[in-house]
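Here's a quick walk through one protein model, with a ligand along for the ride. Grab a coffee and keep the viewer open.

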Amino acid sequence: MKLAVIEGDGVGREVIPAALQVLDCFDLPIEKIPLELGLGKWEKTGQAITDADLEILKNCDCILFGAVTTPADPNYKSVLLTIRQELDLYANIRPLKPIKGIKGATGNTDFDILVVRENTEGLYSSIEEVGENEAWSKRIITRRASERIAQIACEYAAKRANHLTIVHKSNVIKADSLFLNTCRDVAHTHNVIHDAMLVDAMAYDMVRSPEKYDVVVAPNLYGDILSDLGGALVGSLGLLPSANIGEKQAFFEPVHGSAPDIAGRGVANPIAAILSVAMLLDWLNRPEQARIVREAVEKSVLDGIMTSDLGGKASTLELTDSIVSHIVSTF
Ligand code: IPM
Ligand code: MN
């Protein structure tokens with residue numbers, strides 16, 4: 001099993017070593033392949049990711065990724081988008097689940113949502129032009145991509161509360177009707193109870209009544225926005241893990257970015273990266289180990305060991321050490 005490890009920029013360099021400390025608690029047959037990508041590499045070499053890097057990634061089974069900084073330069077294509085598209089990692093899975101002991105922005109801790117975000121098209125088609133007086137980005141919805149994202153969403157729903165909410169805006173954006181209708185057909189075939197929500201109404205309702213939702217399937221940009229909203233519901237973007245899943249490969253990353261404002265100070269919250277390792281363990285068919293990691297995170301939080309985004313005083317290292325000690329105590 002080959003695991004590419006990409007720290008990237010900013011706090012990626014702090015949270016990925018923390019995540020590896022957790023992964024190393026388990027004796028797994030994993031060969032780690034470190035890879036330098038991102039803004040740091042671009043500044044040194046003029047390229048943030050090369051064809052040779054992509055070749056290496058294509059030959060790995062899975063990837064653990066921290067974060068990269070994306071400069072506002074028209075010649076810079078996001079490393080994340082390049083990897084998601086080149087490896088065809090079509091499903092972005094983002095669990096929004098409160099951690100015991102942490103209250104989010106609304107105080108509601110009674111919800112468990114799984115955002116399943118289409119990860120290859122929509123407004124992220126990269127087909128765009130920026131002129132002096134006119135700019136456009138092409139928004140692509142295909143039956144094939146809508147079908148496969150709906151299928152994986154239904155598979156998750158079947159293992160959970162069997163309820164799928166399809167997010168769209170087909171009242172004004174006509175392309176969304178293809179997404180909506182395709183998802184409806186797939187849900188129907190899978191016998192998954194389903195409903196649909198306009199994305200604006202969904203944002204409102206997720207804040208007011210998140211407990212009403214189970215699996216939420218959405219086109220690319222809507223899924224992006226709703227998952228950040230979910231970060232506020234859970235308590236911090238520093239708590240949200242994610243998986244980008246393809247046919248044979250998967251890529252695990254915290255939802256948060258490189259956070260240049262706090263980078264290098266040792267205070268970044270490692271929980272999102274550590275819970276991304278739990279998702280990696282699930283993908284490797286090791287649910288028991290994934291559970292141990294999640295419980296260790298919860299125990300550390302209940303011990304009051306938290307980073308400053310959660311109102312605590314612990315450093316990245318202190319929180320990681322505490323999580324590791326809870327894991328080791330289960331052996
Ligand atoms: C995310 C990020 C990325 C996205 C950016 C950095 C390209 O916001 O993973 O949610 O929009 O998908
Ligand atoms: Mn995002």
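A word on terms before anything else: helices and strands here are DSSP runs, numbered from the N terminus, with at least four residues for a helix and at least two for a strand. Also keep in mind that this is a predicted model.

**The annotated span**

An unreviewed UniProt entry carries the annotation "domain: Isopropylmalate dehydrogenase-like" for residues 2-323. In the model, that span is 40% helix and 19% strand, and its end C-alpha atoms sit 25 Å apart.

**Around the ligand**

Which residues surround ligand 1? They are Ser78, Leu80, Leu81, Arg84, Arg94, Arg117, Tyr124 and Asp224. Helix H4, covering residues 79-86, gives the most to this shell, with three residues. Some side chains come within polar-contact range of the ligand, and here are the distances:

| Side chain (polar atom) | Partner | Distance |
|---|---|---|
| Arg94 | oxygen atom of ligand 1 | 2.8 Å |
| Tyr124 | oxygen atom of ligand 1 | 2.6 Å |
| Asp224 | oxygen atom of ligand 1 | 2.8 Å |

On its own, ligand 1 would expose 320 Å², and the protein buries 74% of that.

**Helix H6 and its neighbours**

Now swing over to helix H6, which runs through residues 176-189. Its 14 residues reach 20 Å from first C-alpha to last, close to the 20 Å expected at 1.5 Å a residue. Which of its residues are buried? That list is Asp176, Phe179, Leu180, Thr182, Cys183, Val186 and Ala187. To make sense of the spacing, recall that an α-helix has 3.6 residues a turn, so residues three or four places apart point the same way. The buried residues of H6 have plenty to lean on: they pack against helices H5 (143-159) and H8 (220-234), as well as strands S8 (163-168), S9 (193-198) and S10 (215-218). After H6 comes Asn191, with a positive phi near 55 degrees.

**Two more positive phi values**

Asn162 turns up in the loop between H5 and S8. Its phi is near 60 degrees, a positive value in a residue that isn't glycine. Is Asn162 buried, exposed or partly exposed? Its relative accessibility is 23%, so Asn162 counts as partly exposed.

Ser126 is another non-glycine residue with a positive phi, near 65 degrees. You'll find Ser126 in the loop between strand S5 (113-118) and strand S6 (128-130). Ser126 counts as partly exposed because its relative accessibility is 32%.

**Two residues of helix H10**

Helix H10 takes in residues 287-302, and Leu302 lies in it. Ser300 is in helix H10 too. Why does Ser300 count as buried? Because its relative accessibility is 0%, and buried means under 20%. Leaving out residues up to four places away in sequence, Ser300 touches Ile305, Leu319, Ser322, Ile323 and His326.

Leu302 is another story: at 55% relative accessibility, Leu302 counts as exposed, since the cut-off for that is over 50%. With the neighbours up to four places away in sequence set aside, Leu302 touches Lys100 and Gly101. For a sense of scale, try selecting Leu302 and Asp205: these are 97 residues apart in sequence, and their C-alpha atoms are 29 Å apart in space.

Notes: Residues numbered from 1 in each chain as written. Chains lettered and ligands numbered in written order. Predicted model: local features only at pLDDT ≥ 70, side-chain atom pairs only at ≥ 80, totals over all residues. Heavy atoms only, no water. Expected span 1.5 Å × (residues − 1). Buried < 20%, exposed > 50% of the residue type's maximum accessible area, 1.4 Å probe, protein only. Contact = heavy atoms within 4.5 Å. UniProt positions renumbered as here; feature names shortened; annotations may be inferred. Near = heavy atom within 4 Å. Polar contact = N/O pair within 3.5 Å; in protein donor to acceptor, adjacent residues only side chain to side chain. Areas by Shrake-Rupley, 256 points an atom, 1.4 Å probe, with all protein chains shown as cover.
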